[in-house]
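Me: I'd like a close look at one part of this protein, and then a walk outwards from there. Could you take me through it in plain language?

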Amino acid sequence: MVGSRDVPSRSDGARAALDVFYDEFNDVNFYVEDDDQENFYYLIISKYFPDVSVSKIFPLGGKMQVIKHSQKYAGDETKIRIYIVDKDFDDLLDQVVILDNLFYLELFAIENYVMEKQALIEVTVETSPKNGVAEITKRLNLDVVMDQIQKDVFEIFAFFYFVQKFNIDVKNTSERPEKFCMANQRWKLDHAALEKYRLRINKRSRALRKTEISRGAIADLIPEYMGSDTDAVTCGKFSLLMIFHYMKSRYSFGSITFGSFVYRVAKNCELGGIAATMQKIQRHIDDVRV
């Protein structure tokens with residue numbers, strides 16, 4: 001695979017034109033949002049499409065770039081092109097674009113599919129091989145910890161969704177988890193920090209003469225969010241960073257970066273959660289080939 005390390009940075013135009021150089025090597029061209037998704041998708045495509053030759057996956061630099069590229073080639077069957085984007089809040093905000101070769105993930109983002117407890121344990125075993133699986137499993141207690149992290153992230157992302165729903169120009173899903181976590185326990189929600197964020201939202205809302213959030217009343221303002229499955233409305237990357245901080249507090253991971261950690265987790269995942277989306281893609285490929 002030619003990974004995202006081959007060129008440090010490309011313009012949107014250069015990214016969009018890169019596929020021509022791989023035309024004879026790819027049976028199908030797969031397009032995704034960002035460079036840090038490329039290796040994930042290579043793992044997934046290798047698993048679900050073992051008979052499809054793919055030497056390069058094409059990150060286009062963002063969701064809108066992927067959608068524009070898919071619109072440009074809509075109906076063009078000279079090459080099979082598959083476009084995959086994160087769901088984000090698009091379904092709740094009625095922003096989903098319908099195209100035959102454009103596929104939205106069923107969960108919030110690609111990282112949501114790699115939050116498998118056993119894969120996290122396996123990575124810990126790899127970094128701390130002297131500790132047995134049973135000991136690591138007991139000490140990490142991931143069933144309890146991951147459940148609490150997901151509840152906390154669900155609460156944080158409720159505010160993010162509120163900001164997007166009411167078009168309030170306050171930074172939201174691009175915020176880092178550490179902003180909302182305890183300084184000495186970066187996997188635990190700092191309720192004071194979240195309250196500070198609520199006040200910041202309300203200050204901007206007042207300036208824009210838009211809806212404000214009363215303390216504890218966000219559930220009444222966004223019932224469609226509160227009724228959703230957690231993985232569908234929270235970003236796995238956000239949660240994984242909190243999990244990463246937690247696991248590092250229990251075991252030494254050396255100098256491993258967060259990006260390397262997530263990729264190693266992905267390599268140990270069964271990736272069964274994304275099967276339905278991959279089956280839809282396979283049906284589309286089969287239809288185009290007929």
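Me: Start with Asp86: which residues is Asp86 in contact with, leaving aside its neighbours within four places in sequence? Then carry on to the salt bridges, the helix packing and anything odd in the backbone.

Reply: Leaving out the neighbours within four places in sequence, Asp86 is in contact with Glu33, Gln37, Tyr41, Lys63, Tyr104, Leu105, Phe108, Ala109 and Ile110. Keep in mind that this is a predicted model. Asp86 itself sits in the loop between β3 (80-85) and β4 (102-104).

Now for its charge. Asp86 is buried but has no salt bridge. Lys63 is the nearest side chain of opposite charge, and it is 6.6 Å away. A salt bridge here needs a side-chain nitrogen within 4 Å of a carboxyl oxygen, so a pair at that distance doesn't qualify. What the Asp86 side chain does reach is the backbone nitrogen of Ile110, at 3.3 Å. Ile110 is also among the residues in contact with Asp86.

On to the salt bridges. A search of the whole structure turns up 18 of them. One is between the side chains of Lys117 and Asp143, at 3.3 Å from N to O. This pair ties together distant parts of the chain: Lys117 belongs to helix α4 (residues 117-127) and Asp143 to helix α6 (residues 142-165), 26 residues apart. Lys117 is partly exposed, with a relative accessible area of 30%, while Asp143 is exposed at 54%.

Glu175 and Lys179 make another salt bridge, 2.8 Å from N to O. Here Glu175 is buried, with a relative accessible area of 8%, whereas Lys179 counts as partly exposed at 38%.

A further one joins the side chains of Arg206 and Glu212 at 3.1 Å, N to O. Both ends count as partly exposed: Arg206 has 47% relative accessibility and Glu212 has 34%. Elsewhere, Lys63, Asp88 and Asp90 are joined into one network by salt bridges that share partners. That's the Lys63 we met as the nearest side chain of opposite charge to Asp86.

Back to α4 and α6, the two helices bridged by Lys117 and Asp143. They pack at an angle of about 115°, and their axes are 11 Å apart. The contact is made by Lys117, Leu120 and Ile121 from α4, with Leu142, Asp143 and Met146 from α6. So the salt-bridge partners are themselves part of this helix contact. The crossing of α4 past α6 is right-handed.

α4 also meets helix α12 (residues 258-267): the two axes come within 8 Å and cross at roughly 115°. This crossing is right-handed as well. On the α4 side you'll find Ala119, Leu120, Val123, Glu126 and Thr127, and on the α12 side Phe261, Arg264 and Val265. Leu120 is worth picking out on screen: it is listed in the contact with α6 and in the contact with α12.

Now take a look around Glu212 again. Ser205 lies in helix α7 (residues 191-208) and counts as buried, at 0% relative accessibility. A polar atom of the Ser205 side chain lies 3.2 Å from the backbone oxygen of Thr211. Beyond its neighbours within four places in sequence, Ser205 is in contact with Ile168, Lys210, Thr211 and Glu212.

Leu221, in helix α8 (residues 218-221), touches some of those residues too. Not counting residues up to four places away in sequence, Leu221 touches Phe162, Lys165, Thr211, Glu212 and Ile213. Leu221 is partly exposed, with a relative accessible area of 26%. For a sense of scale, the C-alpha atoms of Leu221 and Phe180 are separated by 21 Å, and these residues are 41 apart along the chain.

Last, the backbone. Most residues other than glycine have a negative phi. Asn141 has a positive phi, near 50°, and so does Asn167, also near 50°. Asn141 is placed in the loop between α5 (133-140) and α6, and Asn167 in the loop between α6 and β5 (181-182). Asn141 is partly exposed, with a relative accessible area of 36%, while Asn167 is exposed at 57%.

Notes
Residues are numbered from 1 along each chain as its sequence is written. This is a predicted model: local features need pLDDT of at least 70, side-chain atom pairs count only at pLDDT 80 or more; totals for chains, interfaces and linings use all residues. Side-chain values use heavy atoms; hydrogens and water are left out. Helices (H or I, at least four residues) and strands (E, at least two) are DSSP runs, numbered from the N terminus. Buried means under 20% relative accessible area, exposed over 50%, partly exposed in between (1.4 Å probe, protein chains only). Lys and Arg count as positive and Asp and Glu as negative; His and the chain ends are not counted. A polar contact is a pair of N or O atoms within 3.5 Å; within protein, one must be able to donate a hydrogen and the other to accept it, and residues adjacent in sequence count only if both atoms are side-chain atoms. Contact means heavy atoms within 4.5 Å. Axes are lines fitted to C-alpha atoms, for helices over the stretch in contact, and angles run from 0 to 180 degrees between N-to-C directions. A crossing is left-handed if the near helix is turned anticlockwise from the far one by less than a right angle, and right-handed if clockwise.
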